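Visitor: Could you walk me through how the pieces of this one fit together? I'd like to hear the reasoning along with the answers.

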Amino acid sequence: MLSGITVVDFSHHLPGPICTMRLAELGATVLEVQPYPQDPSPFSSIAGGPDRKTGASILRSHRNQKSISLNLRTVEGRSLAFALAKEADVVVESYRPGVLRHLGLDYDRLWEVHSSVIFCSVTHYGQSGDLYQLGSSDLNIQAVSGFLSAVRDAQGRPVAGELPLADFAVGVYASEQICAALVQRERTGRGAYLDVASADLLSYWSGLQALLAKSSHTEQEKVDSSRDFVAYQVYETAEGQYVALAAREEKFWRNFCRAVGRADWETMHTATISGNHDLYVELCDLFLSRTQAEWSELGAEVDCCLTAVEEWADWAEHAYARSREIADTLPEAEPVWHEDHTHEWLKKKLRMTDASLRRLEDMGVIPVQK
């Protein structure tokens, strides 16, 4: 769908590469500008070293992209980066606000020579506001946005999940904004500057909860009790695995009750753990009487919102992942070769000669071609 669109990606860490990965999956050509010399962090760029290997976690977000390495600390490196951006349809970056202006690679300067460019800045707190210069991580975004207050354990304490939800979500959201800007440009010829912040996105998601929290006491009780419903819980199975029952709607709860031979429970789809502890204990005992596989089979046969809690190690073998061929999009788990396309793309995009490239190698602007 995005065939013919060229994206130059100056982003690091996870959100920006997730964004450009989605654009590449939609057919765009993505040119990823990596720092040179290489940043050794496995979470911010491709790991260095003579073998140029990297793990699946990086290749997951960097696949389908061409990678070049430039030393942006040099005038020549910045000039090459600007020249590449000037030829792009889309530029994505994730530096702290002000860094690209210092490097002379900011939107205002680029717009002077390329007014149709779509320039997307992906950050945690955006380009303005009280926190825009503050360093943070995914967990901080979940906390600041109010999202973390909705994810609590049995004692009511906020729980830090293992999945970087804010990073993944804002990456996908940024790709959506870029696609919308491309549609606008097709109609008007105008480019766009997109200020995309993960705290904005999660705050938007948390907005409904915040509104309910300010409303009447009765409404607040509904919010607080939503995680207390016996019909909306994670239950342990016979072998120590887990299943998720999400039969909040009466029809699903009724189907579940009939499937397990407990018609006497049918009128209790709004029962809570705190108000119906005996029922909760019975449900816990019931789920402990069968294995996860047996409950999964029942959930596939009966329309009752019952599914297994899949472990990461086995997720790719799950029926859904196989049937939708999702696992086929994953890179291999073992480290694989990461190829640098610096020379190829500087020749192709900027028509540079071998002599010019050797001079840039000698100056430390680009890596030496092996």
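Guide: Let's start with a cut-off: angles under 35 degrees count as roughly parallel, over 145 as roughly antiparallel, 65 to 115 as roughly perpendicular and the rest as oblique. Keep in mind that this is a predicted model.

Visitor: How are helix 14 and helix 15 oriented to each other?
Guide: Helix 14 and helix 15 (residues 354–362) pack with their axes 11 Å apart, at an angle of about 130 degrees. The ranges for roughly parallel, roughly perpendicular and roughly antiparallel run under 35, from 65 to 115 and over 145 degrees, and the rest is oblique. Helix 14 and helix 15 are therefore oblique.

Visitor: Which residues of helix 15 meet helix 14, and how many residues of that contact are charged?
Guide: From helix 14 come His-343, Leu-346 and Lys-347, and they meet Asp-354, Leu-357 and Glu-361 in helix 15. By class, the contact of helix 14 with helix 15 has two nonpolar residues and one polar, and the number of charged ones is three.

Visitor: Is the crossing of helix 3 and helix 14 left-handed or right-handed?
Guide: The axes of helix 3 (residues 75–86) and helix 14 (residues 342–350) cross at roughly 55 degrees and come within 11 Å. That pair is therefore oblique. As helix 3 passes helix 14, the crossing is left-handed.

Visitor: What does helix 3 touch in helix 14, and how many residues of that contact are nonpolar?
Guide: Leu-80, Ala-83 and Leu-84 in helix 3 meet Leu-346, Lys-349 and Leu-350 in helix 14. In this contact of helix 3 with helix 14, one residue is charged, none is polar, and the nonpolar count is five.

Visitor: How far apart are the axes of helix 1 and helix 7, and how many residues of their contact are nonpolar?
Guide: Helix 1 (residues 15–25) and helix 7 (residues 165–188) have their axes 7 Å apart and pack at about 45 degrees. The crossing of helix 1 and helix 7 is right-handed. Helix 1 brings Pro-15, Ile-18, Cys-19, Arg-22 and Leu-23 to the contact, while helix 7 supplies residues including Phe-168, Gly-171 and Ile-178. Of the residues in the contact of helix 1 with helix 7, two are charged, two are polar, and the nonpolar ones number ten.

Visitor: Within what arc do the buried residues of helix 11 fall?
Guide: In helix 11 (residues 277–287), the buried residues are Leu-279, Leu-283, Leu-286 and Phe-287. They line one face of helix 11, because, seen down its axis, they fall within an arc of 90 degrees.

Visitor: And what do the buried residues of helix 10 pack against?
Guide: Phe-252, Trp-253, Phe-256 and Cys-257 are the buried residues of helix 10. Seen down the axis of helix 10, they fall within an arc of 135 degrees, so they line one face. Their packing partners are strand 9, helix 11 and helix 12.

Visitor: Which residue takes a positive phi just after helix 10?
Guide: Look just past the end of helix 10 for a phi of about 70 degrees. The residue with that positive phi is Gly-261.

Visitor: Is Tyr-232 buried or partly exposed?
Guide: Tyr-232 sits in strand 8, and its C-alpha is 4.3 Å from that of Ala-246, 14 residues apart in sequence. Buried means under 20% relative accessible area, and exposed means over 50%. With 43%, Tyr-232 is therefore partly exposed.

Notes
Residues are numbered from 1 along each chain as its sequence is written. This is a predicted model: local features need pLDDT of at least 70, side-chain atom pairs count only at pLDDT 80 or more; totals for chains, interfaces and linings use all residues. Side-chain values use heavy atoms; hydrogens and water are left out. Axes are lines fitted to C-alpha atoms, for helices over the stretch in contact, and angles run from 0 to 180 degrees between N-to-C directions. Helices (H or I, at least four residues) and strands (E, at least two) are DSSP runs, numbered from the N terminus. A crossing is left-handed if the near helix is turned anticlockwise from the far one by less than a right angle, and right-handed if clockwise. Contact means heavy atoms within 4.5 Å. Ala, Val, Leu, Ile, Met, Phe, Trp, Tyr, Cys and Pro count as nonpolar, Asp, Glu, Lys and Arg as charged, and the others, Gly among them, as polar. Buried means under 20% relative accessible area, exposed over 50%, partly exposed in between (1.4 Å probe, protein chains only). The arc is that of the directions from the helix axis to the C-beta atoms.
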